[in-house]
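User: Please take a close look at one strand of this model and explain how it sits among its neighbours. A connected account suited to a first-year student would be appreciated.

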Amino acid sequence: MQNGEHPGVKDALKKAGTYGPDVDLDDYKVGSSDTGRIDDLEKADETTKDLMVNVGVVADESERDGSIIFIDNGMSHCSNKTEDGVELMSTRDAVAKYDWLKDYFWKAMDPEKDKFTAKTYLEESDGYFIRVKKGYHAKNPVQTCMLLKNKNTMQNLHNIIIVEEDASLEIITGCTTDRHANNALHIGVSEIYVKDGGSLSFSMIHNWGSDTVVRPRTACILGKDAKYVNNYVILNPVGTLQSFPVTYLNGEGASCKYNTICLAHKDSNIDTGGAVVMNAPYTSAEIMSRSLNKGGKMIARGRLSGNAEKVKAHLECRSIVLEDGGLTLAVPELESTVADVEMTHEAAVGKIDRDQIEYLMSRGLTEDDAVSMIVRGFLVGGIKGLPENLKREIDDAVEKANLGN
């Protein structure tokens, strides 16, 4: 039994997260695993399709190499067009199929980290398993969707991603809440492994309810010359969200980039960021955060740790305050245990320049359109390499946010 491997995990059920407000897990019931099957996404009900589209997950899979949909705690859909190169299945099925998976199962993430990892471990939670086979380069993205559909529900999932040697993949993950899922809790534990020469682009788009509690837990381990890009976007109201993924660059020449784009609406409490630990020579990292505050609480954290010679890294946190009454906090951290490193950081909090707005208005734009244009440029202009589909999602979200008012 896995539970015998970590004797302190039951005690960890009382351990609050390092950041973010505490959560009483007893306020939620574990979500059902029997949530019905969706064989064809285009034949899903319109509500489900609308929820998926709002987080970048499309029913038309012609430009997707595979799809996985979880509703509450049950896998409702799994399709794969590239079985020769990519494996998609539930975590439970993968553990049953591959004895070697024990070398990855709860190895990147410590189940005793806090109450959220402990709960997921003790529940032996299901989730998705994605494996890209050695030397395979996926042509199209794989998409996953985590959907909460019932009120007072806890969605706790354990995902494992393995990109083998010299392979590459793009994953688009959309997480969202049905309008009936009041007072729900999402816990997503993800363990990611990118082996020597592998490459992974992992884009997350979140669209929760105004009272949803969100606690993702992610750890990633990179081998020699591996590359990992983590894009995270939340531009809609959320109750409380706290996320701090950690990536370990354990192979020489590995590189990692975090791009975070957030909008804190009134009454939203967002505490997000990430850490990169550079344990091998010639590794590099970049953490870029762009946030807007419209009266909520917005904390942007970033930590770079250099533990080997010849590492190079940069951290940047920038925020625009659109309305009074909220809190904006940037927390950049640099730490090093060796002398021969190059690490920098910068942080800035401010408002939109009125001269910019008036200039655009003089060119024929309304004030609302001028503000939206400036915000779009701020969110994506300083971040290189964002996928085009992600830029479109950001444009749509900015349009809906009515930032000029």
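Analyst: The account below begins with a single strand and then turns to the nonpolar cores and two loop residues. The model is a predicted one. The part chosen is strand 18, which covers residues 297-306. Eight of its 10 residues fall under 20% relative accessible area and therefore count as buried, so strand 18 is largely enclosed by the rest of the structure.

Two pairings involve this strand. Strand 16 (residues 269-278) runs parallel to strand 18 and is joined to it by 10 bridges. Within that pairing, Ile 270 stands opposite Met 298 of strand 18. Strand 20 (residues 327-336) also pairs with strand 18 in the parallel sense, over 10 bridges. Here Arg 301 has Val 331 of strand 20 as its bridge partner.

Burial may also be considered through the nonpolar cores. In soluble globular proteins, nonpolar side chains tend to be buried together. The largest nonpolar core in this model has 56 residues, and Ile 130 and Leu 200 have the most contacts inside it. Another core, of 32 residues, lies apart from it and includes Leu 41, Val 375, Ile 394 and Val 398.

Finally, two loop residues merit attention. Asp 72 lies in the loop between strand 2 (66-71) and strand 3 (74-80), and has a positive phi of about 50 degrees although it is not a glycine. Asp 72 counts as buried because its relative accessibility is 1%. Asp 166, in the loop between strand 7 (153-163) and strand 8 (168-177), likewise has a positive phi, near 55 degrees. With a relative accessible area of 43%, Asp 166 is partly exposed.

Methods:
Residues numbered from 1 in each chain as written. Predicted model: local features only at pLDDT ≥ 70, side-chain atom pairs only at ≥ 80, totals over all residues. Heavy atoms only, no water. Core = buried A, V, L, I, M, F, W, Y, C linked by side-chain atoms within 4.5 Å. Buried < 20%, exposed > 50% of the residue type's maximum accessible area, 1.4 Å probe, protein only. Helix = DSSP H or I, 4+ residues; strand = E, 2+ residues; numbered from the N terminus. Pairing = 2+ DSSP bridges.
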